[in-house]
Every structure is written in structure tokens, then in C-alpha cells.
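Me: Could you walk me through the packing and the backbone oddities of this one? I'd like to go piece by piece.

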Amino acid sequence: MDYKSSLIQDGNPMENLEKQLICPICLEMFTKPVVILPCQHNLCRKCANDIFQAANPYWTNRVGSVSMSGGRFRCPSCRHEVIMDRHGVYGLQRNLLVENIIDIYKQEYSSRPLQKGSHLMCKEHEDEKINIYCLTCEVPTCSMCKVFGVHKACEVAPLQNVFQGQKMELSNCISMLVAGNDRVQTIITQLEDSCRITKENSHQVKEELSQKFDILYAILDEKKSELLQRITGEQEEKLSFIEALIQQYREQLNKSTKLVETAIQSLDEPGGATFLLSAKPLIKSIVEASKGCQLGKIEQGFENMDYFTLDLEHIENTLRAIDFTTDEEEEEVIEEEEDEDEEESTEGKEEGKKPLSSQSFIHLLIHSTT
């Protein structure tokens with residue numbers, strides 16, 4: 001705080017200085033020793049110890065020894081968190097400058113003459129100071145009001161006693177409220193930590209889930225490529241066989257076409273002797289060519305590829321049923337699937353089925369991620 005500018009603005013520098021020397025806890029002028037917090041605000045050591053004890057009820061400080069653990073509380077002026085070591089408030093440094101200023105102020109204040117009007121005066125009795133407190137009406141008043149005035153039948157007490165009692169009560173309320181605020185701030189900090197940890201854990205689980213599904217995608221792509229390659233191999237094998245038959249039949253057709261042309265030319269021969277010389281070998285060639293038509297053929301349904309059909313219904317249902325499970329449920333599922341795999345493997349060997357069934361395949365997809 002800029003004390004110089006504050007003193008300049010205020011018409012009474014001493015009163016303004018007094019405001020700067022008021023403890024925010026007890027609302028009185030600082031009492032020695034005065035401790036300085038890390039945030040540079042000041043407190044009476046007793047007040048600092050009160051709010052420290054309220055914020056750390058399990059902290060103990062025995063005579064001649066100190067607690068082995070520290071504590072924390074918040075500055076009542078700026079809410080800055082003050083972390084204490086095992087010495088508690090006794091580990092805070094004293095503000096000797098403020099203590100010296102208080103000494104100088106008290107010397108100056110005691111040397112000043114009492115100014116008229118520094119005490120509140122009674123409205124009913126203008127020459128009487130307000131020096132007692134009416135407990136019945138709960139208002140300050142003067143002695144004349146008690147003896148002759150409206151508070152004649154009321155119960156009263158010395159003003160200074162009530163003043164000190166109310167100040168102590170207010171100080172205790174402030175300490176209690178500061179401790180409560182500190183506890184609320186601690187809860188807020190814990191909740192903020194919970195939010196941060198929840199986000200971090202959620203991000204980690206999402207990463208793990210994405211990695212597992214990426215492995216599933218990779219397995220599916222690999223299996224897809226493998227099955228497509230098998231279909232392509234079967235396709236090439238059948239096409240090679242069919243194309244070879246086509247080539248054989250084309251060669252046979254060319255030979256037959258040439259024989260037909262030769263036979264037609266022989267029919268046009270006018271000479272009987274010449275015709276007979278070529279007719280017999282030609283007939284023999286035609287008969288042999290006719291026998292050669294018994295080439296290979298393809299069976300009915302040779303073009304079909306339906307034996308490559310996949311039954312993915314069980315796999316689709318299993319994929320749709322993927323969900324988060326507990327450790328016990330996961331162990332039960334693994335044991336059940338392993339038993340089913342053993343049974344299906346035995347049946348497959350006996351009946352001559354394919355070694356990889358739909359259940360085995362989905363078992364591979366699910367458990368390859370672990």
C-alpha cells in the first residue's frame with residue numbers, strides 16, 4: 001500500500017496511520033510480536049496462531065517441542081495460501097519495522113491532549129459521555145440515562161467490558177469464518193484435482209480403446225486380404241483351365257474347317273480315278289477328326305464360387321456385443337470361449353471341416369488385443 005499518498009489524501013495523518021496498523025483479525029492495533037506473511041501482509045502472532053489452529057485442528061505444539069508436520073492457512077487479507085513448516089506460526093519472521101512504528105505512534109498518541117468531541121456524547125444529556133451499555137435495550141448510553149432517564153429500570157454494564165467482550169466474540173467469529181473459508185477452498189482444490197485426474201484417466205482409457213480397435217481393424221484387413229487372395233487364386237486356376245480348353249477347341253475347329261474345304265474341292269474333281277486316289281485318305285482324316293472332338297469339358301456349375309461364402313452372423317453379433325466388462329466377467333468369457341474352441345476343433349477334425357470357424361475367428365479378433 002502507498003502510505004505516502006494515503007497520508008497526503010487524508011487530512012489527519014495520524015488517524016490514517018492508525019488505520020494501517022489495524023490487525024484484520026482482532027480489528028485492534030497490532031500487538032507484539034507482529035509476524036509478516038509471505039504475501040507481505042501482517043498479523044498479530046496470536047491472531048495468526050488462532051487462524052492457523054482453526055485451519056489445522058490436529059496440529060499440536062507442546063511446550064519445549066514442536067509438531068513433526070506443518071500445516072497451512074490462508075491470509076485473511078488476500079487469501080494467499082501460507083504453507084507452514086513444523087514450527088507453525090513461530091517459524092514466521094517478526095516485522096520489526098511495524099513494531100517500531102507502533103511504538104512511535106503510541107508515544108505520539110499518549111502525548112497529544114484529549115480533543116474535545118473524541119468521545120461520543122449522549123443526545124439526551126449533552127454534557128454526559130456515553131460510558132455504559134444497556135443490556136436490556138442493547139444500546140450504549142450514559143450514566144444519567146440509567147439514573148434518571150429511559151434506562152432507569154434496565155440492566156446495564158460498563159461500556160468497556162461489553163466492548164471488549166463483543167470485540168473478542170467478533171474476533172472469534174472472524175477466525176471461525178476464515179477457517180471455514182480455508183476448508184471450503186481445500187475442498188475446491190480437491191474437486192479441481194479430481195476433475196483433472198478424471199480427464200487424464202479418460203484420455204488414457206480412450207487411447208487404449210482406440211489402440212485395441214486399431215488392432216481389430218488391422219486383423220480384419222489382413223484376413224480380408226487373405227480371403228480375397230484365395231478367391232483370386234481359385235479364379236485364376238479356373239480361368240486357366242477354361243482358356244486351355246478354348247485353345248484346344250479352336251485348334252480342332254481350324255483343322256475341321258480345312259478338312260471341309262479340302263473335301264469340297266475333292267467333290268468338284270471330274271475325274272473318277274483322280275477322285276478315288278484322294279477320297280479314301282480324306283475320308284479317313286475326317287473320321288479321325290470327328291473322333292478328336294471328344295475333348296475335355298467343364299462340369300455343370302464349374303463357374304460357381306459360392307463355396308467361398310462366409311457366415312458372419314455370429315461374428316457380427318459378437319462385435320455388436322463388445323462392451324466394458326469387469327475382470328471377473330472377462331475371465332469367465334475367456335474360459336467359455338476356450339472350451340468352445342476346443343469342442344469345435346475336435347468336431348472339425350472328425351468331420352473334416354475347415355480348421356478356422358466363425359467362433360474361432362472372432363475369438364482371435366477379440367483376444368488378440370490383449
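Reply: Here is a tour of a predicted model, taken by helix packing, sheet and loops.

Me: Okay, at what angle do α3 and α6 pack?

Reply: Helix α3, residues 45-55, packs against helix α6, residues 159-267, at an angle of about 45°, and their axes are 9 Å apart. That angle makes α3 oblique to α6, and the crossing of the two helices is right-handed.

Me: Which residues of α3 and α6 meet there?

Reply: On the α3 side the residues are D50, I51, A54 and A55, and they meet S175, V178, A179, D182 and R183 of α6. Sorted by class, this contact of α3 with α6 holds 5 nonpolar, 1 polar and 3 charged residues.

Me: And which residues of α3 are buried?

Reply: Those are R45, C47, A48, N49, I51, F52 and A55. I51 and A55 therefore appear in the buried set as well as in the contact with α6, and an α-helix has 3.6 residues a turn, so residues three or four places apart point the same way.

Me: What covers the buried residues of α3?

Reply: The cover includes α6 together with the strands β1 (34-36), β2 (42-44), β3 (71-74) and β4 (81-84).

Me: Switching to the open sheet of 3 strands: what is the strand order?

Reply: The order is β6-β5-β7, and the pairing is antiparallel. Because β6 (139-141) and β7 (156-158) each have a single partner strand, they stand at the edges, and one side of each is left without a neighbour in the sheet. Neighbouring strands here are turned against each other by 35° on average, with direction ignored.

Me: Over how many bridges do β5 and β7 pair?

Reply: Strand β5, residues 132-134, pairs with β7 over 3 bridges in the antiparallel sense, and C134 stands opposite V156 in β7. Helix α6 packs on this sheet, touching β5, β6 and β7, and its direction makes about 85° with that of β7.

Me: Now the loops, where is the cis peptide bond?

Reply: The cis bond joins K32 and P33, with omega about -10°, and P33 lies in the loop between α2 (13-20) and β1.

Me: And Q40, what is its phi?

Reply: Q40 is not a glycine, yet its phi is positive, about 75°. Q40 sits in the loop between β1 and β2 and is exposed, with a relative accessible area of 56%. R79, another residue other than glycine, has a positive phi near 65°; R79 is in the loop between β3 and β4 and is partly exposed, at a relative accessible area of 30%.

Note on methods:
Residues numbered from 1 in each chain as written. Predicted model: local features only at pLDDT ≥ 70, side-chain atom pairs only at ≥ 80, totals over all residues. Heavy atoms only, no water. Axes fitted to C-alpha atoms, helices over the stretch in contact; angles between N-to-C directions. Helix = DSSP H or I, 4+ residues; strand = E, 2+ residues; numbered from the N terminus. Parallel < 35°, antiparallel > 145°, perpendicular 65-115°, else oblique. Left-handed = near helix turned anticlockwise from the far one by under 90°. Contact = heavy atoms within 4.5 Å. Nonpolar A, V, L, I, M, F, W, Y, C, P; charged D, E, K, R; others polar. Pairing = 2+ DSSP bridges. Buried < 20%, exposed > 50% of the residue type's maximum accessible area, 1.4 Å probe, protein only.
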